Each structure stands twice: as C-alpha cells, then as structure tokens.
Amino acid sequence: MRIDAHQHFWKIDRGDYGWITPELPILYRDFLPTDLEPSLHKHQIDKTILVQAAPTVEETEFILQLSETADFIAGVVGWLDLEAPSYREQYERFAQHPKFIGFRVMIQDMEDPNIILSPAYIEALSYFADRDVPIDLLVLSHQLPQLVQLLERVPHLRGVVDHMAKPLIASGEIEPWRSQMAEIAKHTSIYCKLSGMVTEANREFWKKEDFTAYVNEVLDLFGPERIMFGSDWPVCLQAATYDEVVDLFRYTVRDRLTPEETEAVFGGNAAKFYKLLSMGG
C-alpha cells in the first residue's frame with residue numbers, strides 16, 4: 001500500500017487559515033479531495049494522511065468530516081490545544097472518529113520555541129507519550145535545540161519530524177541541522193518525513209541535486225525504517241507540481257534504497273507509525 005504521509009485540504013472562507021493570504025496566490029483558494037485524486041491515481045498512491053493546516057479545534061472537526069467523503073484519506077492528524085485544561089477531553093472526543101490518528105504540535109508558529117518546554121506542554125506530551133499516540137512535530141531548523149531538550153524530558157514520545165525540520169536548503173547549509181537531527185534520531189520512537197523539501201530550496205530555480213545531501217543525512221541518521229514520503233501538497237505547488245515532488249523523492253533515494261525499502265518509505269513506514277497496519281491494500 002502506497003501512502004502519501006503528508007497533505008492538506010482547506011476551504012478559505014472557513015476563516016482560520018491566517019497564514020494563507022492573497023499574497024500567496026497559488027495557495028489562496030480551496031483545495032479539496034477532488035483536486036488531489038487525479039495525481040494519486042497517476043502515481044498509484046492508495047491512501048493519504050491528511051494533516052491539519054490551522055491551529056483550531058474547528059479545523060480538525062472540518063477535516064475529519066472531509067475524511068468521510070474520500071476513501072483515500074487513511075487518517076487525519078488534527079490539532080489539540082495542549083495549554084487548555086480540557087486537552088484530554090478534546091483528544092477523547094476526536095479519538096472516537098475512526099480516522100483520527102493523532103495530532104500535530106506547531107512549534108514553527110511559536111513566538112518563543114521554549115514554550116514547548118513549559119510545564120503544560122511537558123505534562124501533556126508525557127500523557128500522550130505514555131499512551132503511544134502518534135504526534136507530528138512541525139519545527140524549523142533553528143528550533144531544533146528546543147526539540148532536542150523536549151525529547152530529553154519526554155524520551156518515549158512517538159513522534160515524526162515534519163519536512164526534515166526545514167533545513168536551509170536554499171543556502172546549502174548542513175550544520176548545525178545535521179548534528180541536531182543526529183541527537184533527535186537517537187530516539188528510536190522518532191521518525192522523519194521526506195516532505196516539504198522543495199519550498200525550502202530556491203523555489204524558482206531548484207535542481208534535484210540540491211536535495212541529495214539532506215536526504216542522505218536523514219537516511220543515514222534514521223535508517224530506511226523510520227522515514228516516510230510526504231508530498232506536502234498543496235503547499236508544494238509554490239515550487240513544484242505533485243509529479244515533480246514524486247519524481248524528486250525517487251531521484252533522491254534511487255541509489256540508497258532497495259525496492260523493498262523504497263516501498264516501506266513510500267507507505268509501509270507511515271502505516272506502521274500511524275498504526276494503520278490493519279488496513280487493507
């Protein structure tokens with residue numbers, strides 16, 4: 001089973017996508033299942049993981065409803081207000097939905113990334129780590145020191161680093177990203193998504209070779225059993241088509257993975273991380 005482990009849908013007039021503005025004309029429109037389905041068929045991708053794009057409970061409710069209309073959506077990664085006393089009740093309510101598979105922590109949007117180390121976050125994330133709940137971690141490369149500290153305090157977190165932690169591909173910088181990712185990869189319950197790469201490069205003039213060093217580092221650090229492919233569609237459209245993202249993925253792993261390992265990265269690892277293994281083909 002092939003899985004795109006990271007994609008989004010949204011309806012602009014819902015009003016809680018503060019980051020999607022008319023200044024982003026490619027993204028400033030509705031993106032819904034019928035827009036993505038042809039690309040999935042073209043590349044024989046069976047299922048997707050639908051990830052939240054707004055930090056609201058209401059948007060999670062919206063994408064859960066959307067998941068009921070598209071069989072290809074295998075699971076929904078929502079959002080919880082971990083600073084609210086009611087976060088456990090929020091989780092339990094969402095968990096009643098058969099396609100709710102976890103939630104995302106948006107460190108990227110924190111004015112001060114040290115908030116993730118506050119007692120409220122440590123308590124909440126420890127609670128979910130004890131229950132082995134899959135958690136997406138949206139983090140920028142300069143925020144990795146805080147993520148390293150978080151994992152020192154909650155070492156059993158079941159997490160996946162979205163978009164390789166957004167390394168500075170456009171400027172070709174490897175350090176300190178590589179060293180910090182090495183610390184994170186020591187935690188065997190942490191995975192990494194090969195997603196969101198094209199928007200971290202020069203969006204108009206990127207070349208496939210720009211990404212090889214970063215993908216090689218992730219492969220070396222996490223191994224083929226803890227990496228998953230994600231398109232980051234439609235955000236990727238700012239720099240590449242869906243076809244180009246799939247082609248880039250195949251190019252960057254072609255000399256590093258066996259056919260079996262490639263299929264694991266292209267679906268099997270996501271099924272394992274998000275506990276979808278009971279699903280059919």
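# Reading pockets, helices and odd backbones

Author: Let's start with a space: the second largest pocket holds about 230 Å³. It is lined by 14 residues, and those closest to its centre are Pro55, Trp79, Met106, Met110 and Tyr121. Keep in mind as we go that this is a predicted model.

Reader: How do I read empty space, and which strand gives the most to the lining of the second largest pocket?

Author: The general idea is that rolling a probe the size of a water molecule over the atoms shows where empty space is left. Then you ask who lines that space. For the second largest pocket, the biggest giver is strand β4 (residues 100-106), with four residues. Sorted by class, its lining has 10 nonpolar residues, four charged ones and no polar ones.

Reader: And what space lies in the largest pocket?

Author: About 370 Å³ of space lies in the largest pocket. Its lining takes in 22 residues, with Trp19, Gln108, Leu138, Lys166 and Val235 nearest the centre. The class mix there is seven nonpolar, eight polar and seven charged residues.

Reader: How many cavities of 30 Å³ or more does the count come to?

Author: The same probe idea applies, but a cavity is a space the probe cannot get out of. The count here is one cavity of 30 Å³ or more, with a volume of about 70 Å³. Among the residues lining the cavity are Leu194, Met197, Phe229, Val245, Leu248 and Phe249. Seven of the lining residues are nonpolar and four are polar, while no charged residue takes part. Helix α8 (residues 242-253) gives the most to this lining, with three residues.

Reader: Since α8 came up, how do I read a helix, and which residues in α8 are buried?

Author: Here's the rule of thumb: an α-helix has 3.6 residues a turn, so residues three or four places apart point the same way. In α8, the buried residues are Tyr242, Val245, Val246, Leu248, Phe249, Tyr251, Thr252 and Val253. They pack against β1 (3-7), α1 (33-42), β7 (190-194), α7 (212-222), β8 (227-229) and α9. You can check the length too: α8 has 12 residues and spans 17 Å from first C-alpha to last, close to the expected 16 Å.

Reader: Now a single residue. Is Ala271 buried or exposed?

Author: Buried means under 20% relative accessible area. Ala271 has 5% relative accessibility, so it counts as buried. Ala271 sits in helix α9 (residues 259-273), and leaving aside residues up to four places away in sequence, Ala271 touches Met1, Ile3, Leu276 and Leu277.

Reader: What about Asp162: which residues does Asp162 touch?

Author: Place it before listing its contacts. Asp162 is in the loop between β6 (159-161) and α6 (177-185), and it is buried at a relative accessible area of 0%. Beyond residues up to four places away in sequence, Asp162 touches His6, Arg104, Asp136, Leu137, Leu138, Lys193 and Ser195.

Reader: How many aromatic pairs does the search find?

Author: The search of the whole structure finds 20 aromatic pairs. Take Phe273 and Tyr274: their ring centres are 4.8 Å apart and their planes meet at 85°, so the pair is edge-to-face. The cut-off behind that call is planes over 60 degrees apart. Both Phe273 and Tyr274 are buried. Elsewhere, ring pairs link Phe9, Trp10, Tyr17, Trp19, Phe31, Phe72 and Trp233 into a cluster.

Reader: Last one, the backbone. Which residues does a cis peptide bond join, with omega about 0°?

Author: The background is simple: most residues other than glycine have a negative phi, and most peptide bonds are trans. You look for the exceptions. One cis bond joins Trp233 and Pro234, with omega about 0°, and Pro234 lies in the loop between β8 and α8. Another cis bond joins Glu175 and Pro176, with omega about 5°; Pro176 is in the loop between β6 and α6.

Reader: And what is the phi of Gln44?

Author: Gln44 is not a glycine, yet its phi is positive at about 50°. Gln44 sits in the loop between α1 and β2 (47-51). Ala165 also has a positive phi, near 65°, and lies in the loop between β6 and α6. Ala165 is buried, with a relative accessible area of 0%.

Key. Residues numbered from 1 in each chain as written. Predicted model: local features only at pLDDT ≥ 70, side-chain atom pairs only at ≥ 80, totals over all residues. Heavy atoms only, no water. 1 Å grid on protein atoms, 1.4 Å probe; cavity = no way out; pocket = protein on both sides within 12 Å on 5 of 7 lines; lining within 4 Å. Points joined across faces, edges and corners; volume = space filled by probe spheres on them. Helix = DSSP H or I, 4+ residues; strand = E, 2+ residues; numbered from the N terminus. Nonpolar A, V, L, I, M, F, W, Y, C, P; charged D, E, K, R; others polar. Buried < 20%, exposed > 50% of the residue type's maximum accessible area, 1.4 Å probe, protein only. Contact = heavy atoms within 4.5 Å. Expected span 1.5 Å × (residues − 1). Phe/Tyr/Trp six-rings, centres within 6.5 Å; stacked < 30°, edge-to-face > 60°.
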